Structures are given as C-alpha cells and as structure tokens.
Amino acid sequence: MRLAIERKPVRVNPDSKRVIARFFFNGNDRAKEVIQRVMEISEDTAFGIVSPLLQEYSKRHRNITRVLNRHCSKLKPLFEQLGIDFDILTVYRKLLIGSYFTHEYSIESAAFFNPSIIDDPDQTELEEGQRRMIMSFRAVGEGHISSITFRRALFDKDNNITVLPAGNYIDEAEIVRNAVYNKKLFFEKAVSTQINIDVLKELESKLDHHFEYSNLRRIILDSQKLQESDINKLEYDKVLWLADSYYEIVFSLDTDISDRVIFPISEYERKGIEDARFVKFINDDGSHVYYATYTAYDGALIMPKLLQTTDFYSFKIMPLYGAGAQNKNLALFPRKINGKFAMISRIDGCNNYIMYSDKINIWEEPKLLQQPRFSWEFIQIGNCGSPIETEHGWIMITHGVGPMRRYVLGASLLKLDDPAVEIGRLKEPLIIPNSDEREGYVPNVIYSCGSIVNNNKLIIPYGLSDYSTSFAEVDMDDLIRKLKEDGI
C-alpha cells in the first residue's frame, strides 16, 4: 500500500512575458550590411528611430541602454574591417546599431519545471513558524533552450506554501573570466569532449602547469592563423569553448532573486543548462555554502558542471572531472562523510552510483549503489536531488522510469555513516502523475531536483509533465517507517 501524500493547492506556471534582451547575430556579411545602412542615415533620423524604441523597451528591461551599448560594442572588429572609427560614433547611433543586434527571448515560454529548494540566506523579519526558501527552476524557451531561474517561497507553521510573485524585469549577469586552469585537469576534460588529439597535444606543450584564459586565447589565435582548413580552425575553437566553461557571474545588487537568470554562456552549454540540484552544504567549521550540480548540453555532448555561491548574487561555475562526472543526475551530499565529499551519480544512464572525493570537482571510482528493481523503474533509476540527513539515515528521493516512459518518484534510505549501504527502498512509488498532472510538454512525467523537511514533513516540489511545478507533502515518521518495513 502506498503512503498517503498531500498535494498542495499551489502551481507555478511558465510566464511568457518574462523576457531578456539577448545579442542577435546573423553572420559577419549581413552584420556589415546592417552597420553600413545605419551609418548612411542622418543623425536626426537615427535619433528619431531609436528614441521611441528606448521609451518602449525601457518598460520591459531594467537598463535597455546598457544592453544596447554592450551589443554594439561586440561589433567593434567589424567596424575596424569597415574602416569606421567606433569611438567617434554618437550615443544614439551606437544605441540604434545595438538595437539591430538585439532580440527579446522569453525564457519561460515553453515550460517552468524541475525545481529544487533550499533555505534562503535571509531569514529575518519573519513571523513565528515562518521559513523563507529559495527555489530554482529549469525554464525552457524557444528552441528548447534551458536556463536556471529562481523564486522565493514562504512556508508558514502549518506548511502552507506561498510562492512570491516574480519581479517585473529579468537580468543576465555580468561575466567574469578570471579562472586559473590546471593544465592536467583541463586537458583530461578536453580529451573527453572528443577534440582533435593532435591539437590538444600542441596546445598542451605551449602552456605552463597553471595558465590563465588570456594566455590560452592568445596561443589559440596564433595557432589558428597557421591553419588553412576551417575544420582545423574549428578544433582550436572547441578548446576555447571548453575554457569558456569556467567563469564567474555577478548580478546587480538591486535585483530581486526572481530577476536573476543563469542563461547558457559557453558553447558547451549553448543548448541549455538543465536540472540544477541546489544544496546547502555545511563545512567542517559549521559555515555553509550553496552548491548546485547541473547538466550543460551543446546539442551532442553532456558536461556535468558545478555552481557555487554564498549569496545568490555571485556564482562560480566550473566543469566536473573524472570517471564519475559523466552523464546526468549528479547530486552532492550536504556535508562531508568520513572526511570526504560524497556524490550520487548515474554514469550509465540507468543505475545510481555513489562516489567520494577529497576535491569537490574531481570524481573518480564510482561504485554501484542501486539498480532498477521494481516494474515502475525498470528503464532507469536516478536521484531527485541531494540526500536528506535524518537520525535514521539518508533519505534519497529517486525517480523511476517504467512502461510508456512514465516517470514516478520513489524513496530510499541509506546508512548514515556509510551511504553506500541501502537500508530500504519503497516497493511502490511515492508519487505518480495523476490525471491533472500527466498532460504537458512531455506527458506522464513528474520530476524533482530537491526536497526539504519542514515541521517534520517532507516537502517535495516537483515538475508536472515538463511544463509547470507543484508541491507534495509526506509525513517523515510515516516515510521512515515504510522505508524500514519495505527494506531491501
């Protein structure tokens, strides 16, 4: 018999009005033609075109002039090729040119799902029994491109949930490239991305044991000049794309959490960043930091990545390395176990693995933890976020894929001091999509990227058929009792 689950009367739907202003580029030749056309009109005409544009789009974006100026500046190499002195252009002509290389992108137009949930760093000014949370979501727009977005939520003493309204504007972050790369690790990752081995050997021989982005870029540009084949030049570009996978992003301090979107930045994530699993990680000294694992996708290759923040304004992002950092579904335990970081992974796309590491970005020697056992998980089993610590063991919410590729949620109990040992697993699904949840972008799917305990209830936010998000609640005592009953 399945456990009693309370579904909350809360649903978070995608909002197509939430748009960002993105750089639009259609190739060098067409870009030069557009620039030349704008340069041929008078200053008065340029002002007459751009002035109403600024009035209209300033209502839709926090600082549209900054965006247009930035997009115009991206074209500086083309201005040089055209023999135009960029620095003497007037303010309004730069803004106008920038507008022709800008388009609005609706980040949630298709779906808003696969949530994770963690404590908000700010728990001030709350009433008795209230708790403030930050939720992350996978937002999907045109072309099925995924990004990470956020909302605040509020729990009251009775576990009633209020998801706070989103702000009026969305901001992308400023990108900072100040990483220092470890040569050995960098080129090990490069090999796994199937870049031409001769290109990798050449570049590796020219770099120090630790190098900066600017050094790598200079060496790559010098090497590309010696190549006649566009195919060969592309292989050098791929190395730079990999280097672009290490970066830091910073949001303006005047943005609400709902205004911040982490949109694909590097080429290796150009088709989306998927299913972030956030966790509040407790360090040995009692301090905490927030981590998230997510999947970067370029349309062909999958790259697991790690995101780190303390305040949700600035984020450090890097790839994960090692035999265990493959495929999707990586979830970090919220503290070290026996002095080591611990991670759940699904390296073969089918089974759950566990692995330990002294370094949070290097994961080797994954060990099989779980295989599909019941009919509702015969196709695959995976985690649905970081395990949750209890005195009885680690509760891990899982997903199982069964007949008709129906996704359901299950639960397992792992030994507290040795989570490689499974104590119990529910024989029946914890949550299955009901008639109100099975229709959506991808039918018959429910999925979560993280849960939380509040007032002795496990709160599970979950995506509904890859379209929207809702919540379910289960009593912790009942869940643990059932896990022990079902055993393994």
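These legends go with a set of close-up views of a predicted model.

**View 1. A nonpolar patch sits on the surface.** Three residues, F47, V91 and Y92, make up this patch. Together they offer about 280 Å² of accessible area. One of them, F47, belongs to helix α2, which runs over residues 43-57. F47 has a relative accessibility of 39%, so it counts as partly exposed.

**View 2. Helix α8 keeps its buried residues on one side.** This helix takes in residues 213-224, 12 residues in all. From its first C-alpha to its last it reaches 16 Å, close to the 16 Å expected at 1.5 Å a residue. Which residues of α8 are buried? They are Y213, L216, I219, I220, S223 and Q224. Those residues cover an arc of only 135° around the axis, which puts them on the same side of α8. It helps to remember that an α-helix has 3.6 residues a turn, so residues three or four places apart point the same way. As for what lies over the buried residues of α8, the cover includes strands β9 (180-182) and β10 (210-212), along with helices α6 (183-192), α7 (197-205) and α9 (230-243).

**View 3. Helix α9 has a buried face and an exposed one.** With 14 residues, α9 should span 20 Å at 1.5 Å a residue, and its end C-alpha atoms are indeed 20 Å apart. Buried here are E235, Y236, V239, L240, L242 and A243. Look down the axis of α9 and these buried residues fall within an arc of 165°, so they line one face of the helix. What do they pack against? Their partners are β9, α6, α7, α8 and β15 (302-309). Turn to the face pointing away from the buried side of α9, and you'll find the exposed residues D230 and I231.

**View 4. F278 is tucked away in strand β13.** The strand covers residues 272-282, and F278 is found in it. Is F278 buried or exposed? Its relative accessible area is 3%, so F278 is buried. Setting aside residues up to four places away in sequence, F278 touches quite a list: S116, I118, S136, I148, F150, Y291, A292, L307, F312, S386 and C449. There's also a pairing across the chain to look for: F278 and A331 are 53 residues apart along the chain, yet their C-alpha atoms are separated by 8.4 Å.

**View 5. S468 is another buried residue in a strand.** You'll find S468 in β29, the strand of residues 468-475. With a relative accessible area of 2%, S468 is buried. Its contacts, leaving out neighbours within four places in sequence, include R11, V12, N13 and P14. The pair F112 and F113 also touches S468, as do Y462 and G463.

**View 6. H144 and D275 each have a positive phi without being glycine.** For H144, phi is about 60°, and for D275 it is near 55°. Where is H144? H144 sits in the loop between β5 (131-140) and β6 (146-155). D275, by contrast, lies in strand β13, the strand that holds F278. Their surroundings get separate labels too: H144 has 31% relative accessibility and so counts as partly exposed, while D275, at 12%, counts as buried.

Conventions. Residues numbered from 1 in each chain as written. Predicted model: local features only at pLDDT ≥ 70, side-chain atom pairs only at ≥ 80, totals over all residues. Heavy atoms only, no water. Patch = residues over 30% accessible without salt bridge, like charges linked within 9 Å, V, L, I, M, F, W, Y side chains within 5 Å. Areas by Shrake-Rupley, 256 points an atom, 1.4 Å probe, with all protein chains shown as cover. Salt bridge = Lys/Arg side-chain N within 4 Å of Asp/Glu carboxyl O. Helix = DSSP H or I, 4+ residues; strand = E, 2+ residues; numbered from the N terminus. Buried < 20%, exposed > 50% of the residue type's maximum accessible area, 1.4 Å probe, protein only. Expected span 1.5 Å × (residues − 1). Arc of directions from axis to C-beta. Contact = heavy atoms within 4.5 Å.
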